[in-house]
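Please open the coordinates in a viewer with residue selection enabled. The tour below proceeds stop by stop, naming at each what to select and what is found there.

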Amino acid sequence: MQNSFNIAVTVNDTRYERAVEPRILLSDFLRHDLGLTGTHVGCEHGVCGACTILFDGQPARSCLVFAVQAHGHKITTVEGLGTIDNLHPIQEAFHEAHGLQCGFCTPGILTTIVPFLEQNPDPSEEEIREAISGNLCRCTGYQHIVDAVKLAAEKMRK
Amino acid sequence: MKPAPFEYYAPTTIDEALSHLAEHGYDAKVLAGGQSLIPMMNFRLVQPSVLVDLNNIAELSYIHPDESGGLRLGAMTRHHQVEVDPLVAELAPLLHETMPKIATSQIRSRGTFGGSLSHADPSAELVSVSVALDGRFRLRGQNGERWVPANEFFIGLFTTLLEPDEILVEAALPSMPVRSGCSLMEVARRPHDFALVGVAAVVTLDENKLCQQARMVFLSAGDGPMVAHKAAESLKGQAPTLEAIRAAAEIAASEDIDPGSDIHATAEFRRHLANVLARRALEQAFERAADNK
Ligand SMILES: Cc1cc2nc3c(=O)[nH]c(=O)nc-3n(C[C@H](O)[C@H](O)[C@H](O)COP(=O)(O)OP(=O)(O)OC[C@H]3O[C@@H](n4cnc5c(N)ncnc54)[C@H](O)[C@@H]3O)c2cc1C
Ligand code: FES
Ligand code: FES
């Protein structure tokens with residue numbers, strides 16, 4: 001039985017080649033093999049949204065994909081959005097509008113919001129709430145997240 | 001928790017996938033979107049020793065019209081693709097309306113049409129919708145293929161007619177007849193959660209605006225998609241008045257479904273929801289049928 005596969009994955013525009021066991025989840029691969037611990041792991045059954053990444057540009061649960069399946073694909077994690085010195089407008093907005101407290105849910109929300117605002121640059125509050133409905137936050141009560149997304153939309157329209 | 005070890009194959013053709021399944025039989029499982037299978041593996045509720053991944057089989061992913069004005073969907077077509085496809089919006093409005101109600105965007109980007117049907121969760125929208133639309137599924141094994149009507153495919157809780165060495169390769173949904181209308185109504189505790197109860201309704205009026213056919217299929221209301229036969233019978237040949245609709249909804253909720261109790265809702269509450277939803281769905285479907293000349 002072959003229990004190690006050589007994979008080549010592009011994560012945040014960097015190509016990585018690694019050998020993985022097929023049962024390794026993409027979330028664990030990102031965190032443990034690549035040291036990209038910005039992707040958080042909450043529930044491992046698709047419910048909490050903390051592990052959301054972009055898989056070929058679309059938001060997906062990295063806890064519900066095997067790393068071996070990412071072979072040949074493009075992954076974006078929260079580390080790929082901006083840097084401390086050069087924040088992505090969405091990150092700036094979350095900072096300014098207090099869109100986070102403990103920050104556990106934040107990477108998954110940011111990666112969900114990136115493609116959402118690209119497709120819908122001027123969303124209504126209802127649409128924003130719909131867009132983040134797959135991400136649980138235990139701190140903010142969501143209102144500040146909604147405010148942050150509104151602010152982010154404004155920033156990105158400029 | 002983490003999944004137990006398994007042998008992994010990622011074939012690029014259906015034939016190759018079928019030969020892996022034929023070799024490994026009951027030990028193997030097909031991996032589609034993984035949005036139901038991987039959670040169960042993470043919790044070790046299932047521990048398949050072989051996974052045959054369909055994600056690299058390009059020939060399983062498509063949406064196209066068929067000769068009779070219906071739709072064909074390849075099993076690996078993602079929920080998101082169905083959601084945004086203009087052809088689906090035009091030819092299968094019920095399906096178009098249903099897609100955004102399935103899970104959240106992050107799940108719909110991976111979950112597949114064929115996976116949802118094969119998994120046969122009685123709470124899955126596509127299970128009830130495909131029965132309501134009179135769909136058919138193409139199942140393929142190494143020894144050939146067969147077409148199975150949706151209303152025979154689902155045989156119980158998470159159980160279908162699929163043999164362990166078969167793959168559901170395609171779904172066919174017929175075109176809607178004239179003077180038809182449809183509706184999907186559901187109640188969930190939070191948007192995108194699995195529904196506590198839902199109902200897909202498809203109705204057709206005759207030339208005199210009387211009900212020719214009214215099909216209601218409930219989800220989360222029994223061990224599989226629950227077809228409301230008695231309610232349908234009560235509407236046949238009737239004018240779709242509010243009175244007739246109310247009576248049919250009452251029959252459906254009290255006689256046609258078999259909901260259970262769990263931590264989310266009692267059976268009694270589910271029957272109450274079913275009654276209200278059936279009435280709303282029928283009203284909307286009949287209105288749309290009247291407009292759809
Ligand atoms: C948080 C969350 C919320 C969800 N909410 C909803 C919801 O509200 N409504 C809803 O309907 N669904 C919901 N789902 C389930 C989702 O729609 C799944 O994608 C779907 O049920 C299974 O499809 P899949 O492609 O992911 O299949 P997989 O998980 O890959 O497979 C499921 C099962 O079907 C078998 N299988 C898959 N494809 C085939 C095939 N072509 N031939 C033969 N066997 C096959 C597999 O072997 C496995 O046993 C939710 C999932 C999650 C994680
Ligand atoms: S850890 Fe993936 S959704 Fe919760
Ligand atoms: S900020 Fe703590 S979970 Fe959202």
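**Stop 1: the two domains of chain A**

Select domain 1 of chain A and domain 2 of chain A; 15 residues of the former are in contact with 12 residues of the latter. The model in view is a predicted one. On the side of domain 1 of chain A that touches domain 2 of chain A, β3 and β4 of chain A are the elements that give two or more residues. The largest contribution there is that of β3(A), with 3 residues. Colouring this side of domain 1 of chain A by residue class shows 7 nonpolar and 8 polar residues, and no charged ones.

To set the selections exactly, use 5-80 for domain 1 of chain A and 89-157 for domain 2 of chain A. Over C-alpha atoms, the centres of these two domains of chain A are separated by 22 Å.

**Stop 2: the interface between chains A and B**

Next, display both chains and select the residues at their interface: 22 from chain A are in contact with 24 from chain B. On the side of chain A that touches chain B, β3 (52-55) and β4 (58-61) of chain A each supply at least two residues. Which of the elements of chain A has the largest share of this side? It is β4(A), with 4 residues. By class, the side of chain A that touches chain B comprises 8 nonpolar, 10 polar and 4 charged residues.

β3 and β4 of chain A are therefore worth keeping highlighted from the previous stop, since both also give two or more residues to the side of domain 1 of chain A that touches domain 2 of chain A.

**Stop 3: the surroundings of ligand 1**

Now centre the view on ligand 1. The residues around ligand 1 number 32, and those that come nearest are A:G46, B:G33, B:Q35, B:G111 and B:G115. Why is this site described as shared between chains? The reason is that residues from both chain A and chain B surround ligand 1.

To trace the part played by chain B, select β2 (28-31), α2 (37-42), α7 (113-119), α8 (125-132) and β10 (167-173), each of which supplies at least two residues of the shell. Of the shell around ligand 1, α7(B) provides the largest share, 5 residues. At the level of domains, domain 1 (7-53) and domain 2 (64-173) of chain B each contribute at least three residues to this shell. Its composition is 16 nonpolar, 13 polar and 3 charged residues.

**Stop 4: a parallel sheet in chain B**

Hide the ligand and select β1, β2 and β3 of chain B. These form an open sheet of 3 strands in the order β1-β3-β2, with parallel pairing. β1 (7-9) and β2 of chain B are at the edges with a single partner strand each, so one side of each has no neighbour in the sheet. From one strand to the next, the twist averages 25 degrees.

For a closer view, show β1(B) together with β3 (residues 50-53) of chain B: the two run parallel and are joined by 3 bridges. Within this pair, B:Y8 stands opposite B:L51 in β3(B). Then add helix α1 (residues 14-24) of chain B, which packs on the sheet and touches β1, β2 and β3 of chain B. The direction of α1 makes about 165 degrees with that of β3(B).

**Stop 5: domains 2 and 3 of chain B**

Chain B is assigned domain 1 (7-53), domain 2 (64-173) and domain 3 (180-291). Select domain 2 and domain 3 of chain B, whose C-alpha centres lie 21 Å apart. Their contact takes 22 residues from domain 2 and 20 residues from domain 3. On the domain 2 side, α5 (93-98), α8 and β8 (154-156) of chain B give two or more residues, and α8(B) gives the most, with 6 residues. That side has 13 nonpolar, 6 polar and 3 charged residues.

**Stop 6: a helix pair in chain B**

Finally, select helix α11 (residues 242-256) and helix α12 (residues 267-291) of chain B, which pack at an angle of about 145 degrees with axes 8 Å apart. The crossing of α11(B) past α12(B) is right-handed. Among the residues that meet are B:I245, B:A249 and B:A252 in α11(B), and B:A274, B:A278 and B:L282 in α12(B). The residues of this contact divide into 8 nonpolar, 2 polar and 5 charged.

Notes:
Residues are numbered from 1 along each chain as its sequence is written. Chains are lettered from A and ligands numbered from 1 in the order in which they are written. This is a predicted model: local features need pLDDT of at least 70, side-chain atom pairs count only at pLDDT 80 or more; totals for chains, interfaces and linings use all residues. A residue is near a molecule or strand if its C-beta atom, placed from the backbone, lies within 6 Å of it. Ala, Val, Leu, Ile, Met, Phe, Trp, Tyr, Cys and Pro count as nonpolar, Asp, Glu, Lys and Arg as charged, and the others, Gly among them, as polar. Domain bounds come from an automatic or database domain assignment. Two residues are in contact if their C-beta atoms, placed from the backbone, lie within 7 Å. Two strands pair if DSSP finds at least two bridges between them. Axes are lines fitted to C-alpha atoms, for helices over the stretch in contact, and angles run from 0 to 180 degrees between N-to-C directions. A crossing is left-handed if the near helix is turned anticlockwise from the far one by less than a right angle, and right-handed if clockwise.
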